[in-house]
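Reader: I am new to this structure. Please choose one part of it and take me through that part closely, step by step.

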Amino acid sequence: MALGQRLEIRQGQGLVITPQLQQAIKLLQLSNLELEAVVEAELEKNPLLQREDPEPVSDSGPEIERDSFDADGRELELGDGDSIRAGSDLDASNSDLYGDEAPTVREPDTAASSADMSDGPMVDWSKAGKGGGSFDGDEDMERALTREKTLSEHLTDQALIAGFSAPEMAIAQVLIDGVDEGGYLRADLSEISDRLGCDPALVEAVLTTCHGFEPTGVMARSVPECLKLQLIERNRFDPAMAALIDNLELLARRDLSALRKVCGVDDEDLTEMIRELKALTPRPGAAFGSEPSQTVVPDVFVRQDATGGWRVDLNTDTLPRVLVDQKYHAQVVGGARSGEEKSYLSECLNQANWLIKSLDQRARTILKVSSEIVRQQDAFLVYGVEHLRPLNLKTVADAVGMHESTVSRVTSNKYVSTPRGVFELKFFFTSSIASADGSEAHSAESVRHKIKNLIDGEKSSGEILSDDRIVEILKEAGVDIARRTVAKYREALRIPSSVERKRLIK
């Protein structure tokens, strides 16, 4: 069979995403610091764009910056009709399709441009603070692959596989946020339990699990506790070593005679104990890379209003304020002579208008999605972390009339400030398990909590529950769950099987 070359022409239909639409989609998933970097880059290369100093915002604020609903969470209203189309505007339209013709040589949409200008070319966003970040995906990927992992990231990765329920994971994240560069926990447990509205014993239990993370000794609240955790891991924590750790001030003063008396050991044993103590790490977190501490700036504020509902406001301090310099455009376009100059100015004007429109859509979309999340998780705001409801991207996407991918982009790297603390928007998404009687689904985390409570109750009842028996009990309680799912949750909670538990009791 001979091989040959030939030229064919085929006709087909396809959707091409324009660079402008790609920019709008990328802007949607950027954090406020990354967004500022993008706007700065656009201001440098586009002569028709300029930044304006923010004007004082009244207490009432522009309608777009606020969203609210009643105490029951039934009504959800945005500022105007344009916000309802915030997500759909990101879809490609007929004008976004082009074939061989380059987008830079297409005729500008003068009608759309004039319509935008009739409403005012300025988007009234306050100037955001300076920040890092990059709009180049390749640079972001290279930076992520080459930089050293921080202690916080290392602890978060371990927390994700520790089998925590949703309330426990929320507590663990707050605890991790309170760890300093040396690996010590500087947060107050009672303050955390009050802020999250949970039992202090639950916070203690989560911290106990976190004490098993690597590096050993991390998240200790003091040097003696840090050394104790490392000795326990080495199986060298005995009464004599406990006495030595409780009297470190004597060791600091080199009062060896008093140490021998307190520990009840001779000179040889005390020398060996001190040698073991010196081999430990008093700063377990120092081995990890550290970055300059950056305070998380929330993109959205959630406050309780006078009617008992929740008010959702955009943080205008994180939103850039840019406008099109119409006077300069009229001046330079009148002096343009060649076609290349006119084409360049037309492209700059289109890019400036598109950037302003994209920033407007981004703000409206964040507000709309955040408001729906707050409506869905109002029980968490009222009662605490143990009342998180099952929630996924599809539920929010259907409620706001957007695609799941759009909701995913909106909730990435976005934070909300609530009366119970600052959380990432993705924190509010939890999985669910169907109900056996067809009623409301159960949260997977609440089912894990029920399994743990059943096994913890074995000591008082004297009955060791098998996985099949746990399935029967849960189905009687209205939870439709398979035996293999119970086994998976039990293993995630690091609970041995019923056979192993019986052996341990004997």
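Author: Helices and strands here are DSSP runs numbered from the N terminus, a helix being H or I over at least four residues and a strand E over at least two. The model is predicted. With those names in hand, Met219 can be placed in the loop between α9 and α10. The same loop is a short way into the account, before the aromatic rings.

Pro215 also has its place in the loop between α9 (200-210) and α10 (223-233). The peptide bond that leads from Glu214 to Pro215 is cis, and its omega is near -5°. Met219 is not a glycine, yet its phi is positive, at about 65°. The relative accessible area of Met219 is 0%, and buried means under 20%, so Met219 is buried.

Now to the part chosen for the close look, the aromatic rings. Searching the whole structure gives 6 aromatic pairs. One of them joins Phe380 and Phe427: the ring centres are 5.8 Å apart and the planes stand at 65°, so this pair is edge-to-face. The angle decides this because planes over 60 degrees apart count as edge-to-face. Phe380 belongs to helix α17 (residues 378-383), whereas Phe427 belongs to the loop between β7 (421-424) and β8 (432-433); the pair therefore ties together parts that are 47 residues apart in sequence.

How accessible are these two residues? Phe380 counts as buried, with a relative accessibility of 0%. Phe427 has 19% relative accessibility and so counts as buried as well; the cut-off is under 20%.

Phe380 has another partner, Phe428. In this aromatic pair the distance is 5.7 Å centre to centre and the angle between the planes is 75°, which is edge-to-face. Phe428 lies in the loop between β7 and β8 while Phe380 lies in helix α17, so here the parts tied together are 48 residues apart in sequence. Both Phe380 and Phe428 are buried.

The picture is completed by Phe423, since Phe380, Phe423, Phe427 and Phe428 form one aromatic cluster. Another ring, that of Tyr489, has a charge over it: the charged end of Arg448 sits there, 4.4 Å from the ring's centre.

Methods. Residues are numbered from 1 along each chain as its sequence is written. This is a predicted model: local features need pLDDT of at least 70, side-chain atom pairs count only at pLDDT 80 or more; totals for chains, interfaces and linings use all residues. Side-chain values use heavy atoms; hydrogens and water are left out. Rings of Phe, Tyr and Trp (its six-membered ring) pair if their centres lie within 6.5 Å; planes under 30 degrees apart count as stacked, over 60 as edge-to-face and the rest as tilted. Buried means under 20% relative accessible area, exposed over 50%, partly exposed in between (1.4 Å probe, protein chains only). A charge sits over a ring if NZ of Lys or CZ of Arg is within 6 Å of the ring centre and within 35 degrees of the ring normal.
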